[in-house]
Amino acid sequence: EKAAAQDQPSAVSSLGTMYGNGEGVTPSWRRAREYFERGIELGDSMSVKNMQGLTECIQKVAPLMDKRVELHGTSGADMNGKRGVATDFHWYEGGKGKWRYTVKL
């Protein structure tokens, strides 16, 4: 993280990979994408490759990411029917543990 904070391209790309795979951190595809985007800005070719892989994975596994969605079947009745944008797809430790979207209303 210190090296990434100093804009070292390989460190930025490595952090993106860690967030994408959940290596030592809670997986977050949004955070992974942010690091890969920063790595691309810094001219890191591995970040370009990693971003392509993450984009393909999002399209296959989390097709609603970055899309407008309407919430249904939530435990909070006040949330049902609300609309927002799916901003992340990440591992949720609550309950039995599963992947879920984060939706910004």
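Visitor: What makes helix α3 and helix α4 roughly antiparallel to each other?

Guide: In this predicted model, the axes of α3 (residues 29–41) and α4 (residues 45–61) cross at roughly 150°. Angles over 145 degrees count as roughly antiparallel, so α3 and α4 earn that description. Their axes come within 9 Å, and α3 passes α4 in a left-handed crossing.

Visitor: Which residues of α3 and α4 meet?

Guide: On the α3 side they are Trp29, Ala32, Arg33, Phe36, Glu37, Gly39 and Ile40. On the α4 side they are Ser47, Val48, Asn50, Met51, Leu54, Cys57, Ile58 and Val61. The residues of this contact divide into ten nonpolar, three polar and two charged.

Visitor: How do the nonpolar, polar and charged residues of that contact come to be sorted this way?

Guide: Arg and Glu count as charged, and Arg33 and Glu37 are among the residues that meet. Gly counts as polar, which puts Gly39 of α3 in the polar group of three.

Visitor: What makes a group of residues a nonpolar core, and which residues have the most contacts inside the largest one?

Guide: Its members must be buried and joined through side-chain atoms within 4.5 Å. The largest such core here has 16 residues, and those with the most contacts inside it are Tyr19, Trp29 and Leu54. The elements giving two or more residues to this core are α2 (9–21), α3 and α4. In soluble globular proteins, nonpolar side chains tend to be buried together.

Visitor: Which residues does Trp29 touch, leaving out those up to four places away in sequence?

Guide: Trp29 touches Gly20, as well as Leu54, Cys57, Ile58, Val61, Ala62 and Met65. Asp88, Phe89 and Trp99 are also touched by Trp29.

Visitor: How are the helices and strands arranged along the chain?

Guide: The protein chain has four helices and three strands. From the N terminus on, the elements run α-α-α-α-β-β-β. The C-alpha trace spans about 45 × 25 × 25 Å along its principal axes, and of the 105 residues, 31% count as buried.

Visitor: Why is Asp7 called partly exposed?

Guide: Its relative accessibility is 32%. Partly exposed lies between the limits of 20% for buried and 50% for exposed, so Asp7 belongs in that class. Asp7 sits in the loop between α1 (2–5) and α2. Beyond its neighbours within four places in sequence, Asp7 is in contact with Val12, Arg38 and Leu42.

Visitor: What is notable about the phi of Asp7?

Guide: Phi of Asp7 is positive, about 60°, although Asp7 is not a glycine. Asp66 also has a positive phi, near 70°, and is a residue other than glycine.

Visitor: Where is Asp66, and why does it count as partly exposed?

Guide: Asp66 lies in the loop between α4 and β1 (68–70). At 43% relative accessibility, Asp66 falls between the limits of 20% and 50%, and therefore counts as partly exposed.

Visitor: What makes Asn80 partly exposed?

Guide: Asn80 has a relative accessible area of 33%. That value lies between 20% and 50%, so Asn80 is partly exposed. Asn80 is found in the loop between β1 and β2 (83–92).

Visitor: How many ångströms separate the C-alpha atoms of Asn80 and Val48?

Guide: Those C-alpha atoms are separated by 38 Å, with Asn80 and Val48 being 32 residues apart along the chain. Asp7 and Leu71 are 64 residues apart in sequence and 38 Å apart in space, C-alpha to C-alpha.

Notes: Residues are numbered from 1 along each chain as its sequence is written. This is a predicted model: local features need pLDDT of at least 70, side-chain atom pairs count only at pLDDT 80 or more; totals for chains, interfaces and linings use all residues. Side-chain values use heavy atoms; hydrogens and water are left out. Axes are lines fitted to C-alpha atoms, for helices over the stretch in contact, and angles run from 0 to 180 degrees between N-to-C directions. Angles under 35 degrees count as roughly parallel, over 145 as roughly antiparallel, 65 to 115 as roughly perpendicular and the rest as oblique. A crossing is left-handed if the near helix is turned anticlockwise from the far one by less than a right angle, and right-handed if clockwise. Contact means heavy atoms within 4.5 Å. Buried means under 20% relative accessible area, exposed over 50%, partly exposed in between (1.4 Å probe, protein chains only).
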